[in-house]
Structure formats: structure tokens, C-alpha cells
Amino acid sequence: MTNKKFLLPDLGEGLPDATIVEWYVKEGDTIRLDDNLVSMETAKAVVDVPSPVSGKVLKLAGGAGDVIVTGTMLAEFELDPNAPQRAEGQDTGHHHGGAGSDAPGDGDKVIASDDGGQISETGKPAPKAEGSGEREDSGTVVGAMESSDAVRSEQASAAGGVKAMPAVRAMARKLKVDLSRVKATGADGVITMADVKQAAADGSAKAGAAPAASAAKPAAAPAPARDAAQRTQLSASGKPMRTQPPSVSATGQPEQLKGVRRNMARVMADAHAQVVATTLSDDADIHAWAPGNDVTVRLIRAICAAAKAVPALNAWFDGDKLVRTLHPHVDIGIAVDTDDGLFVPALRNADVLDASGVREGVNRLRAQVMDRSIPASELSGYTISLSNFGMFAGRYATPVVVPPCVAIVAAGRGRHQITPVIGGFESHKVIPLSLTFDHRACTGGEAARFLKAMLDDLALAQ
């Protein structure tokens, strides 16, 4: 019999690693060519990786939550000569990482026993965003879930007798929902994101709870053997249950970053090394606002007005070639803070949307981020970004500009301040604004005029 080692392919734009979400097989199982092998979470997506062969599974590289370096061994198979196999040299649609021996050395594989994989952007240009014409992907998204064209589209897998998309399985783990006890409403018995959220809300499918006698189902196949460092424990039912570590270690032990936070660390370091960042701050007086004004909508409108007045900040900059691209449209990256990390979906053509259109678009993007259903095309290619951190706390900030964008607007927490007026003083509501820009691409005068245009638009009653 011939054995074959399968190396983790590059599941995105040169991503250095990926986290195992769930194996669809165990060691000793038989699998056919192109059947789902494993669900992997990268800095861009949760994707199913198909088997490259037909045969018996001899070895799996790790368990759920483990980080595997691109180009190192993911699985080993014993080929079945009587089953379909891919022709030698035939493109599998995947692209492996750096070249190396099939047998990785001790330092080739990075294993981490803690869960909590998040999602983030590599900072490299990505494929053109869908529906964006000739515009290139900005590559500036912190938290982009973007599948490479080389990876086949997600399909509902039936691991453990349960049909669900990888993103739905990831959400179920996060919400501690036992998929085997969730009532499926999707086509062909597929469990949807709404099904998982409903089960989490009504508590009908808590992970680890004893199943109801009338709804007993066959147990799912056990996970691959794990060593002591991968820490499993037994639930009340006696089934293996992975220990869920806190998001911040309470033991003082080192904790490996994954997903969003892992890639965000790389992106922020790269941005800090490349961008000549400068910040201007001022307060927007909104005393004249009529009741019912939507702060986020008004901030987006003000950015669009300022981008029209001073296009230099609604731009991309190539620091290597010293080339600047001014954009006639305004696609605003809206920073969305989640338990998984920071996501920045793009509100497309914000400059042509009315107030209701902006609010509808923002709500849609936030909802899609929260349930992990947002299309890859909406997580990249924005021309300027907005961080409305003031909904939590803080006045001013120096937010990070991630190339190729040249500017980011940050809105702090609104407050009242005493303002001199003719005849005395008044208490006015103000919103602190911070504008961080790449001084390589625009002047301080341009940035100041941009900020002034925002202040003028926010000062209007409607």
C-alpha cells in the first residue's frame, strides 16, 4: 500500500497558518476523494478542506483548536488503489505554503491547546471585491473573513450525523449549543444560523446537558486521540468535552493568539512600520441637532461630505511605488467590535445613500458580522474607515491606519461642555473627533480641511 502525507494548503492570500475547527473523520476511518476532511478557520474564513485522496486515514495532525502552519502535515493516508484518485500533478485547487519535506521537523508545526480562534486581515492586497468594477482590494480589513478562489465554496457537512455549515458549527461552539439536539429548519435538514441562535436563546440544546429520552440520537464519532497538552475532560454524560479557556488567561500562563487576534498582531505591526501616522482632534458641536438624529448616520454623512471637499483622504497610497489613488466613490469601513475580535465590513457607495439607506446598510453589516454570514466581498476594499468607539468610552484616539488606506476617523463619547455665546454661556453637546492620516500621502492642511468639513456638516440641524 502507498501512503501519502497531505500538507495544509494555503487557504487564502498567503496565510501562514490555520486553526482546526472540526475533523469530519477520525484515525482509522475510510474517506473518498473530495469528501470533507476537516473544517479550518483562517484569518479570513471558516472553510471545509476536502480530502485529496481516497483511502484510510492513518494520522491527523491535531485536534480542535490546534494551529497548523501552512505547508506542514495535516493528515496522512493509506491510498486505496481500487477507489478514485486524483491524477499525479493534477491541480487540487489549493496552493501549499513554503516548500519543504513531506515530513515536518519538530519546529514545523505550531500546536496550541486553547480555543478562541478569531479572524483578521493579512494586510496584503486581495482579489478585487465583487461588484467593485476595476477597483483593487484595499487589503486593509482587520478581521476579514475572505475565502480564496482556490478553496471550494462552503457546503453543509454531515459530521456526526448533523448537517451544518462550518460557520454555523463555529457559532454553535461559541454559544455552547449541541448541534445534535438542534431542530433543523433548513433545506434537506440543514441546521441554519437562526436555528443555532434560537436554541441558544431558549436553552433547548445546551452542550453537555443530558439528551431527552425521546430525542436520543446516535453519538457522534469520537475525536482523534489527543495528548495531555490538549486537555479534554468528561462531561456529565461521560462524553469527551473540550475545556473552554477564558478569553483572557486567569492563570498567568502564556496563551497563543489565534485567528483575528493572531493576524491583527501582524497587521498592526506592519502598519506601524509603514505608515507615517499623524492625528488631528477637535470637537463637533451638535447643539443644533433636531431630535431623532442618528449619530452613526450623521458621522458617515459627514465623512462623505468631507471626502467630496478634500478627496486626498479618501484614497489609497502605495508606499513602495509612491503612487496615490483618489477615489470618486466613498466606501466606508465600519469597525465592528465582537467577542471574536475586530471586523471591518465595508459600507459601499455611502456617498449616494440617504439616511435610511445608511442605517439599513450598517444594520445589515453588523448582523452579518455577528452571525458570520457576511460575504467576503463586503470585508475588503473600503476607501476610508470609521471607528465609533465612543459608544463605550473615551474621547480622543490615535487609531491605526492600515495601508493602502490613508485615513481613519474615530468618534469618541459625546459630552456636554460650556460654550460661550453672545450674551453669556450655554451647555452644548459635542462629539470628540480624531482624524489619523498617513502623512506620506496627504498634507496637514488637507487633513485639517477634511476635519473642518466634517465639523461643518455635523453642526447642521438635519
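**Exercise 1. Compare the expected span of helix H5 (residues 355-370) with the distance between its end C-alpha atoms in this predicted model.**

Solution. Helix H5 has 16 residues, and at 1.5 Å a residue these should span 22 Å. The expected span is 1.5 Å times one less than the number of residues, so the count enters the product reduced by one. The end C-alpha atoms of H5 are 23 Å apart, which agrees with that expectation.

**Exercise 2. Determine which residues of H5 are buried, and where they lie around the axis.**

Solution. Taking buried to mean under 20% relative accessible area, one finds Gly 357, Val 358, Gly 361, Val 362, Leu 365, Gln 368 and Val 369 in this class. These residues cover an arc of only 135 degrees around the axis, which puts them on the same side of H5. The face turned away from that buried side carries Ala 355 and Glu 360, both exposed. The cover over the buried residues includes helix H4 (295-309) together with strands E19 (336-338), E20 (341-343) and E21 (346-347). Just after the helix, Arg 372 takes a positive phi of about 60 degrees.

**Exercise 3. Establish the strand order of the open four-stranded sheet, and explain why E1 and E4 each have one side without a neighbour in it.**

Solution. The order is E1-E9-E7-E4, with antiparallel pairing. Strand E1 (3-7) and strand E4 (30-31) stand at the edges with a single partner strand each, so one side of each lacks a neighbour in the sheet. Strands E7 (residues 55-60) and E9 (residues 73-79) pair over five bridges in the antiparallel sense, and Val 57 has Phe 77 of E9 as its bridge partner.

Terms used
Residues numbered from 1 in each chain as written. Predicted model: local features only at pLDDT ≥ 70, side-chain atom pairs only at ≥ 80, totals over all residues. Heavy atoms only, no water. Pairing = 2+ DSSP bridges. Helix = DSSP H or I, 4+ residues; strand = E, 2+ residues; numbered from the N terminus. Buried < 20%, exposed > 50% of the residue type's maximum accessible area, 1.4 Å probe, protein only. Arc of directions from axis to C-beta. Contact = heavy atoms within 4.5 Å.
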